[in-house]
Amino acid sequence: MSEQPVFVDPWWDLRCGSPTEHRQREALATELRNEVAAGHPLHRVSFEVIARSEATDDIIIELTTGGWAKVHLTWQGPDRPPWPTTTIYNAIGALEEDLRLSR
């Protein structure tokens with residue numbers, strides 16, 4: 001089993017499986033797919049939403065090919081790259097460090 005990030009306030013871990021979390025994950029995934037256009041690093045990439053910030057429009061996704069990404073949703077899709085802004089992390093430590101620094 002691969003290592004998984006740990007989320008603390010203001011992040012809401014959506015992996016727990018409650019109906020509310022399931023609906024949130026699906027709605028956020030749909031929004032992200034609507035915003036990502038050709039030329040964006042996440043265009044046609046498979047992912048799963050695993051967390052969202054309660055302070056910003058940021059979400060964390062786990063890429064099925066490995067790694068994670070922090071994405072700032074615009075709620076105005078489809079957008080032109082580089083929107084929505086995206087940071088991809090190949091190492092869990094880099095993701096968790098960025099989340100600590102952005103609190």
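# A guided tour, starting at histidine 40

Begin by selecting histidine 40, which is buried, with a relative accessible area of 4%. Keep in mind throughout that this is a predicted model. Histidine 40 sits in the loop between α1 and β2, and if you display its surroundings you will find it in contact with Pro81, Pro82, Trp83, Pro84 and Thr86, once its neighbours within four places in sequence are left aside. Now look at the side chain itself: one of its polar atoms lies 2.9 Å from the backbone nitrogen of leucine 42.

From leucine 42 the tour can pass to the nonpolar interior. Which residues have the most contacts inside the largest nonpolar core? Select Leu32, Leu42, Phe47, Val49, Ile59, Ile61 and Val71, which hold that place in a core of 14 residues. The elements that contribute two or more residues to this core are α1 (19-35), β2 (47-53), β3 (58-63) and β4 (68-72). In soluble globular proteins, nonpolar side chains tend to be buried together.

Stay with one member of this core, phenylalanine 47, and show what surrounds it. Not counting residues up to four places away in sequence, phenylalanine 47 touches Ala29, Leu32, Arg33, Ile61, Glu62, Leu63 and Thr64. Apart from the core of phenylalanine 47 lies another, of 10 residues, with Phe7, Trp11, Tyr89 and Ile92 among them.

Select Phe7 and Trp11 next. By the rule applied here, the count of aromatic pairs comes to 1, and phenylalanine 7 and tryptophan 11 form a pair that is tilted, with 6.4 Å from centre to centre and 40° between the planes. Phenylalanine 7 counts as buried because its relative accessibility is 11%, under the cut-off of 20%, and tryptophan 11, at 10%, counts as buried too.

Ile92 leads on to helix α2, which covers residues 92-101. Which residues of this helix are buried? Colour Ile92, Leu95, Glu96 and Leu99, which are the buried ones; they cover an arc of only 95° around the axis, and they therefore lie on the same side of α2. Turn the view to what these buried residues face, and you will see them packing against β1 (11-13), β3, β4 and β5 (86-89).

The last stops are charged pairs, of which the structure holds 4 salt bridges. Side chains of opposite charge can pair when their charged atoms come close. While helix α2 is still in view, select glutamate 97 and arginine 100, whose side chains meet in a salt bridge at 2.8 Å, N to O. Being 3 residues apart in helix α2, glutamate 97 and arginine 100 are separated by about one helical turn. Glutamate 97 is partly exposed at 34% relative accessibility, and arginine 100 is likewise partly exposed, with a relative accessible area of 47%.

Move then to aspartate 13 and arginine 15, which form a salt bridge whose closest N and O atoms are 2.7 Å apart. Aspartate 13 counts as partly exposed at 21% relative accessibility, as does arginine 15 at 27%.

Finish with arginine 25 and glutamate 48, a salt bridge in which the closest N and O atoms are 3.9 Å apart. Because arginine 25 lies in helix α1 and glutamate 48 in strand β2, this pair ties together parts that are 23 residues apart in sequence. Glutamate 48 itself is partly exposed, with a relative accessible area of 39%.

How values were computed:
Residues are numbered from 1 along each chain as its sequence is written. This is a predicted model: local features need pLDDT of at least 70, side-chain atom pairs count only at pLDDT 80 or more; totals for chains, interfaces and linings use all residues. Side-chain values use heavy atoms; hydrogens and water are left out. A nonpolar core is a set of buried Ala, Val, Leu, Ile, Met, Phe, Trp, Tyr and Cys residues joined through side-chain atoms within 4.5 Å. Buried means under 20% relative accessible area, exposed over 50%, partly exposed in between (1.4 Å probe, protein chains only). Helices (H or I, at least four residues) and strands (E, at least two) are DSSP runs, numbered from the N terminus. Contact means heavy atoms within 4.5 Å. The arc is that of the directions from the helix axis to the C-beta atoms. Rings of Phe, Tyr and Trp (its six-membered ring) pair if their centres lie within 6.5 Å; planes under 30 degrees apart count as stacked, over 60 as edge-to-face and the rest as tilted. A polar contact is a pair of N or O atoms within 3.5 Å; within protein, one must be able to donate a hydrogen and the other to accept it, and residues adjacent in sequence count only if both atoms are side-chain atoms.
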